[in-house]
Amino acid sequence: MDRQKILNATNRQADRVWGILCELRPRLVRYNPPKIVLNGRLWRTAGRCFQTTRTIDLGVKFFEHSRDYGIIMLTVIVPHELIHQADFDLYGESELKCGHGKNWRKLMLEYGLPDNPFHSMEIKR
């Protein structure tokens, strides 16, 4: 799949996930979902949320690796990163440096995903 198609699919999923988060936490409706950027330099970290600039970097190499990894990126990593933004929008800075604090964990569980901060995907550099 080419990168524009990946970005389009990711943006559609981000809009769906953000809508669900807005239903769970109505205060989020005042915010737009963060901008999604495909980053070709990420190979261990699947995604990163830059909360103050409302930008999420996603490792495009994971999408390109396999269909299975692409599904994980859309169904787990995109919500994971959007929940970092929602956590920041609702509560401010996380009490943990890595951003996987109690509020993030609670939002992950409310969304319906395990509150696991790590993924098991591996790709070679």
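A residue counts as buried when its relative accessible area is under 20%, and that cut-off will help as we look around this predicted model.

**View 1. H80, a residue of helix 3.** Let's start with a single side chain and its surroundings. Is H80 buried or exposed? With a relative accessible area of 7%, H80 is buried, because the cut-off is under 20%. Setting aside neighbours within four places in sequence, H80 touches H100, W104, M108, N116 and P117. Two of these names, W104 and M108, return in View 2, as they are among the buried residues of helix 4.

**View 2. Helix 4, residues 102-111, and its buried residues.** Which residues of helix 4 are buried? They are W104, L107, M108 and Y111. Looking down the axis of helix 4, you would find these buried residues within an arc of 100°, so they line one face of the helix. Turned away from that buried side is a face carrying the exposed residues K102 and L109. The cover over the buried residues of helix 4 includes helix 1 (3-24) and helix 3 (67-91). Just past the end, helix 4 is followed by G112, which has a positive phi near 110°.

**View 3. Helix 1 and helix 3, where they cross.** Two packed helices are described by the angle between their axes and the distance between the axes. Here the axes of helix 1 and helix 3 come within 10 Å and cross at roughly 50°. The two helices are therefore oblique to each other, and helix 1 passes helix 3 in a right-handed crossing. On the helix 1 side, the contact is made by A9, T10, Q13, A14, V17, W18 and L21. Helix 3 brings L74, T75, V78, P79, L82, I83, Q85, A86 and D89 to the contact. What kinds of residues make up this contact? They divide into 11 nonpolar, four polar and one charged.

**View 4. G70, another residue found in helix 3.** G70 has a relative accessible area of 11% and is buried. Leaving out neighbours within four places in sequence, G70 is in contact with F62 and F63. How far apart are the C-alpha atoms of G70 and T10? They are separated by 9.7 Å, although the two residues lie 60 residues apart along the chain. You have met T10 already: this residue of helix 1 takes part in the contact with helix 3.

How values were computed: Residues are numbered from 1 along each chain as its sequence is written. This is a predicted model: local features need pLDDT of at least 70, side-chain atom pairs count only at pLDDT 80 or more; totals for chains, interfaces and linings use all residues. Side-chain values use heavy atoms; hydrogens and water are left out. Buried means under 20% relative accessible area, exposed over 50%, partly exposed in between (1.4 Å probe, protein chains only). Helices (H or I, at least four residues) and strands (E, at least two) are DSSP runs, numbered from the N terminus. The arc is that of the directions from the helix axis to the C-beta atoms. Contact means heavy atoms within 4.5 Å. Axes are lines fitted to C-alpha atoms, for helices over the stretch in contact, and angles run from 0 to 180 degrees between N-to-C directions. Angles under 35 degrees count as roughly parallel, over 145 as roughly antiparallel, 65 to 115 as roughly perpendicular and the rest as oblique. A crossing is left-handed if the near helix is turned anticlockwise from the far one by less than a right angle, and right-handed if clockwise. Ala, Val, Leu, Ile, Met, Phe, Trp, Tyr, Cys and Pro count as nonpolar, Asp, Glu, Lys and Arg as charged, and the others, Gly among them, as polar.
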